[in-house]
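Here is a short tour of aromatic rings, a helix contact and a few single residues. Please keep the model open beside the text as you read.

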Amino acid sequence: MQTVKLNNGVEMPILGYGVFLVDPKECERCVSDAINVGYRMIDTAQAYYNEEGVGAAIKKSGIKRDEFFLVTKVWITNSGEEKAAKSIEESLKKLQTDYIDLLLIHQPFGDYYGTYRAMEKACKDGKARAIGVSNFFADRFVDLCNFVEIKIKKLL
């Protein structure tokens, strides 16, 4: 499997299975099918409402957790340091894991500075291996980069 190296040295597969618009009732089956054909990177988000299905499929697969690369995203309604920290804990429970491989801010709205601080803490506490952002406008990306401790690298 080809990978890309993130800023902190974490290797991320370049091909993964995304569950955007996968019905929560069908998610476990769909992810199980993806795992059976060889996918090991699974991309979900709080806003997809299907993290539970992803977690259940991974658990039932019988494959060691460290063979998977899990991505999830903090949604804008959970922005801010306190709300984001709580939502990260919820995501961990729903995904049935102790850590998330890549934790992202889903969109640049609300208190995304506070959200990023919560994600930095999750990273330092071993609850996330890597953190970053998605769907950010260039100006907000550059601005955020100037005020964070754990630096972000533009991949695309």
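Tyr-112 and Phe-136 are both buried, where buried means under 20% relative accessible area, exposed means over 50%, and partly exposed is in between (1.4 Å probe, protein chains only). Before going further, please note that this is a predicted model, in which local features need pLDDT of at least 70 and side-chain atom pairs count only at pLDDT 80 or more, while totals for chains, interfaces and linings use all residues. Residues are numbered from 1 along each chain as its sequence is written, and side-chain values use heavy atoms, with hydrogens and water left out.

**Aromatic pairs**

A pair of aromatic rings is described by the distance of the centres and the angle of the planes. Rings of Phe, Tyr and Trp (its six-membered ring) pair if their centres lie within 6.5 Å; planes under 30 degrees apart count as stacked, over 60 as edge-to-face and the rest as tilted. How many aromatic pairs does a search of the whole structure find? The search gives six.

One of them joins Phe-109 and Phe-137: the ring centres are 6.4 Å apart and the planes stand at 75°, so this pair is edge-to-face. Phe-109 sits in the loop between strand E6 (100–105) and helix H4 (112–124), and Phe-137 in the loop between strand E7 (128–133) and helix H5 (138–145), so the pair ties together parts 28 residues apart in sequence. Helices (H or I, at least four residues) and strands (E, at least two) are DSSP runs, numbered from the N terminus. Phe-109 is partly exposed, at 34% relative accessibility, and Phe-137 is partly exposed too, at 43%.

The rings of Tyr-112 and Phe-136 have centres 5.3 Å apart and planes at 80°, so they are also edge-to-face. This pair links distant parts of the chain, with Tyr-112 in helix H4 and Phe-136 in the loop between E7 and H5, 24 residues apart. Tyr-112 and Phe-136 also belong to one aromatic cluster with Tyr-113 and Phe-147.

**Around the cluster**

Leu-144, in helix H5, is buried at 0% relative accessibility. Leaving aside residues up to four places away in sequence, Leu-144 touches Tyr-112, Tyr-113, Tyr-116, Val-133, Phe-136 and Ile-152; contact here means heavy atoms within 4.5 Å. The C-alpha atoms of Leu-144 and Tyr-112 are separated by 8.5 Å, with their positions 32 residues apart along the chain.

Gln-107 comes to Phe-136 from another loop, the one between E6 and H4. Gln-107 and Phe-136 are 29 residues apart in sequence and 6.1 Å apart in space, C-alpha to C-alpha. With the same sequence neighbours set aside, Gln-107 touches Trp-75, Ile-76, Ser-134, Asn-135 and Phe-136.

Asn-135 lies in the loop between E7 and H5 and has a positive phi of about 60°, although it is not a glycine. Leu-21 also has a positive phi, near 70°; its place is the loop between strand E3 (17–18) and helix H1 (24–36).

**A charge over a ring**

Which residue lies over the face of Tyr-99? That is Arg-65, at 4.0 Å from the ring centre. A charge sits over a ring if NZ of Lys or CZ of Arg is within 6 Å of the ring centre and within 35 degrees of the ring normal.

**Helix H2 and helix H3**

Helix H2 (residues 51–61) and helix H3 (residues 81–95) pack at an angle of about 40°, with their axes 7 Å apart. Axes are lines fitted to C-alpha atoms, for helices over the stretch in contact, and angles run from 0 to 180 degrees between N-to-C directions. That makes H2 oblique to H3, since angles under 35 degrees count as roughly parallel, over 145 as roughly antiparallel, 65 to 115 as roughly perpendicular and the rest as oblique.

On the H2 side, Glu-51, Glu-52, Val-54 and Gly-55 meet Ser-91, Lys-94 and Leu-95 in H3. Lys-59 is also found in helix H2, and the C-alpha atoms of Lys-59 and Thr-97, 38 residues apart along the chain, are separated by 8.9 Å.

**Accessibility of four residues**

| Residue | Relative accessible area | Class |
|---|---|---|
| Leu-21 | 74% | exposed |
| Lys-59 | 55% | exposed |
| Glu-52 | 39% | partly exposed |
| Gln-107 | 23% | partly exposed |
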